[in-house]
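Trainee: Could we go through this model together, one question at a time?

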Amino acid sequence: MKKIEAIIRKTKFEEVKDALLSSDIDWFEYHDVHGIGQSRQERIYRGVQYSTDVIERVAISIVCRDVLAEPTIKTIMDVAHTGTVGDGRIFISEIIDCYSIRTGENGDVVLKDKK
């Protein structure tokens, strides 16, 4: 199993969410995050000066079977890509095991929603 953590632009979140839900991903979590990047400069947008020190993004966390990891990463990369600085990052971790609290099952069978 893999844990995929993606930090993406807020403006791309709805597109990425829809693409993930259209794929084989049954569930993921997300939350707003703030980060500080390497590019620090003042910018003007609609007459208002702002600093690029603090960047607002959305963090998405997905745990999936190994077979779904590459398609999920490709989906995120394709949809979140704008080609400009600040598109985000994707981090991949190995998951040793997972358990269903309700049933006591463990392993990747826990990741499939039983309807």
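Mentor: Let us begin with a term: a strand here is a DSSP run of E with at least two residues, and strands are numbered from the N terminus. Please keep in mind as we go that this is a predicted model.

Trainee: In which strand does S61 lie?

Mentor: Strands carry numbers counted from the N terminus, and the protein chain has six of them beside its two helices. The run that covers residues 54-64 holds S61, and this run is strand β5.

Trainee: Is S61 buried or exposed?

Mentor: A residue is called buried when its relative accessible area is under 20%. S61 touches K3, I4, E5, F28 and E29, leaving aside residues up to four places away in sequence. Because its relative accessible area is 9%, S61 is buried.

Trainee: What is the relative accessible area of D108, and where does that place this residue?

Mentor: D108 lies in the segment after β6, the strand of residues 88-94. The label partly exposed covers the range between under 20% and over 50%. D108 is therefore partly exposed, since its relative accessible area is 34%.

Trainee: How far apart in space are D108 and R65, C-alpha to C-alpha?

Mentor: Along the sequence, D108 and R65 are 43 residues apart. Even so, D108 touches R65 as well as M1, when residues up to four places away in sequence are not counted. From C-alpha to C-alpha, the distance in space between D108 and R65 is 6.2 Å.

Trainee: What share of the 115 residues in the protein chain is buried?

Mentor: S61 is one buried residue, whereas D108 is partly exposed. Over the 115 residues of the protein chain, the buried share is 30%.

Terms used
Residues numbered from 1 in each chain as written. Predicted model: local features only at pLDDT ≥ 70, side-chain atom pairs only at ≥ 80, totals over all residues. Heavy atoms only, no water. Helix = DSSP H or I, 4+ residues; strand = E, 2+ residues; numbered from the N terminus. Buried < 20%, exposed > 50% of the residue type's maximum accessible area, 1.4 Å probe, protein only. Contact = heavy atoms within 4.5 Å.
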